[in-house]
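Me: Please take a close look at a single part of this model, the open sheet. I would like to know how the strands are ordered and what packs on them.

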Amino acid sequence: MGVQPADDAPLARSHTSFNHPASLTSEANLTDGGISNPVVIFSQCFDKVITQQLPSINPNIFRTELRTTEDPTRDTKEEEYKRAKRQSVFQKVDLTSVDLSLIPVYEKTTEQMEEILPLLRTNFLTKKLSEEEIEKIAGAMQPQIFNSGDTIIRYGDLGSLYYILAKGEVKVIVYQKETDPNDPDIDEKQVYDKHLREGSGFGELALLYNDKRSATIKAVTDCEAYVLDGKLFKQ
């Protein structure tokens, strides 16, 4: 019989059913050695794991990886698109330098004006204009309706219209640089897409320049938009 510390005797009697790992205790001959105190057994098992078994464990089993089916370069493409969009807008389009007194006013209902003015006050292109200027821009815009699936802007086309989405959702599709708009496999050249919702504006370069459209924009749902013709600023 092994010698058991007196202080541990009560604990040993109250936990006689302690089940220690057979793979460890059999090698250590803990039970054969007469050791019945579970604290001592646990201590010896723990020492064995730390000193003998843990160093042999492959650390790679603890590694975790983020698994996703999404394109890993998607975030990079999105940032590139946003950066190019910001640069093109702020370098070329500045409505504060445009003489708004020359643009026409199209008749609208009170409800339409109440709908479009809040959009213009928060739109990135017009929010820095004065209230008077915003009202003039609103007066020059015309409502337009698109059905789900309609192509609002087509990549490569010349355009002169700027849109602010009042209702619905659209998808912006960006293709690889220098992609031929007439390429029959153009869908395979898509590198990025983004959904825009109420309050979003698109087609801003058309306000001052007859640039070719740099992306395709399609209606995901039935949409209502207010349209501003860039030709009004070139007269």
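Reply: Here is the sheet, strand by strand, followed by its setting in the chain. Keep in mind that the model is predicted.

Four strands make up the open sheet. Their order is β1-β8-β3-β6, with antiparallel pairing. Strands of a sheet pair through backbone hydrogen bonds, either parallel or antiparallel. Here the edges are β1, residues 142–146, and β6, residues 201–202. Each edge strand pairs on one side only.

Now take the pairing of β3 with β8. Strand β3 covers residues 161–167, and β8 covers residues 223–229. The two run antiparallel and are joined by six bridges. One position to look at in the viewer is Ile164, which stands opposite Tyr226 in β8.

Next, the helix. Helix α5, residues 110–122, lies across β1, β3 and β8. Its direction makes an angle of about 110° with β3.

Then the setting. The chain has six helices and eight strands. Read from the N terminus, the elements run α-α-α-α-α-α-β-β-β-β-β-β-β-β. Contacts in the chain with a separation of 6 or more include 78% between residues 24 or more positions apart.

Last, burial and surface. The chain has 235 residues, and 34% of them count as buried. Its accessible surface comes to about 15,200 Å². Carbon and sulfur atoms hold 49% of that surface.

To recap the sheet: β1-β8-β3-β6 is the order, and α5 lies across β1, β3 and β8.

Technical notes: Residues numbered from 1 in each chain as written. Predicted model: local features only at pLDDT ≥ 70, side-chain atom pairs only at ≥ 80, totals over all residues. Heavy atoms only, no water. Buried < 20%, exposed > 50% of the residue type's maximum accessible area, 1.4 Å probe, protein only. Contact = heavy atoms within 4.5 Å. Areas by Shrake-Rupley, 256 points an atom, 1.4 Å probe, with all protein chains shown as cover. Pairing = 2+ DSSP bridges. Axes fitted to C-alpha atoms, helices over the stretch in contact; angles between N-to-C directions.
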